Amino acid sequence: DRTKPDPAVQISCRNVVTPWPMPEALKPTTFDEIVDHLKKLLNVVNETVAVEIWDAQHADWVELLTFVPLTPETRLRVTPLSATTKGLKRAYDIYVSCAAKGLELARLVKAEFQDRCPKATVYIEADELPGISKLLVLEATVKGAKNVVLIVTDGVIGRPYVQRELTAAVRFKKNIVLVHDESHPMPDASALPPKLSKVTQNLTIPYDQGNAESLDAMMRKLIPAVGFIDESAKLRGRRINSAKQASVAKLREQMEQEEREAAAQAAMAEAAALARREQRLANLKNCSSCGNVIEKDGLQAEGRFFHKSCFKCALCSTQFDGSYEV
């Protein structure tokens, strides 16, 4: 019932095969024929669909990726692409496909792109597929990507998902580049379906994980192969300039801080000297003769204070020198 909110349509094999009075020779004999019949039945010929088969042993739906003989008891579920992938980001520059043995190298390639080509967006299928129909998402993502990079390791081309990815890449005319981990043998093209046999003739870039310089050599070939420019030298120059500017700014700040500290110390010394002078002046006495402050050479007589030069006889103005009598 296509009017129900749930986009997944559950049907039995009997309803798929018997509506057409087909001769035995026209019944589905390949996986693609099964998919084509289901799409025609559900009127979604122009959409990509995921086909799942009911696993009675585990009581769960399992994605159908290869041909299985159909019986009247077979239960299939079909999910259209538009219903599953709505809102997903599918505009990556590089789609990286790999098996479990190549995942470490795939992540290394992604990290190198982030360092050398910051604007490049890289999608690793094994890391980033969400928990919905994997087949739909990977085909949609391959369709939206500009390049497909296959990490070639032992057995990778026999992986069903990889074959689906490569099929989508060929169908959508994507730029396919192979990165061969030389610790694994190069797979035989005969293991691929006929329509994918030419994939192994695409540009193949070797990588020797035992050679420290191999990663850089591999990236120097891979980056232009997917239409980007290695900006690592420019970025390193920017980082060096930024470091120099930061160093100059830090030195300037340090000098300004030292100047501020020196000025503060000078101001404190001046304030301390002024305070000492004021304290000293506060302790000085006024001359009883002239009335001015006695800063030095003061004398005291009869409870009064005099400048030495002001200590004179009141009658003859003779300066006292030594003893005197009143």
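**Close-up views of a predicted model**

**View 1. The largest nonpolar core.** Within the 25 residues of the largest nonpolar core, the members that touch the most others are V96, F113, V149, I151, V179, M218 and L222; such a core is a set of buried Ala, Val, Leu, Ile, Met, Phe, Trp, Tyr and Cys residues joined through side-chain atoms within 4.5 Å, where buried means under 20% relative accessible area (1.4 Å probe, protein chains only). α8 contributes the most to this core, namely six residues; helices (H or I, at least four residues) and strands (E, at least two) are DSSP runs numbered from the N terminus. This is a predicted model, in which local features need pLDDT of at least 70 and side-chain atom pairs count only at pLDDT 80 or more, while totals for chains, interfaces and linings use all residues. Residues are numbered from 1 along each chain as its sequence is written, and side-chain values use heavy atoms, with hydrogens and water left out.

**View 2. The surroundings of V149.** Apart from neighbours within four places in sequence, V149 is in contact (heavy atoms within 4.5 Å) with I94, Y95, V96, S97, V177, V179, L222 and V226.

**View 3. T153 in its loop.** T153 lies in the loop between β7 (147-152) and α7 (160-171), and T153 is buried, with a relative accessible area of 0%. Not counting residues up to four places away in sequence, T153 touches A99, K101, G102, D181 and H184.

**View 4. The contact of α4 with α8.** L105, L108, V109, E112, F113 and R116 in α4 meet L215, D216, M218, M219, L222 and I223 in α8.

How values were computed
Buried < 20%, exposed > 50% of the residue type's maximum accessible area, 1.4 Å probe, protein only.
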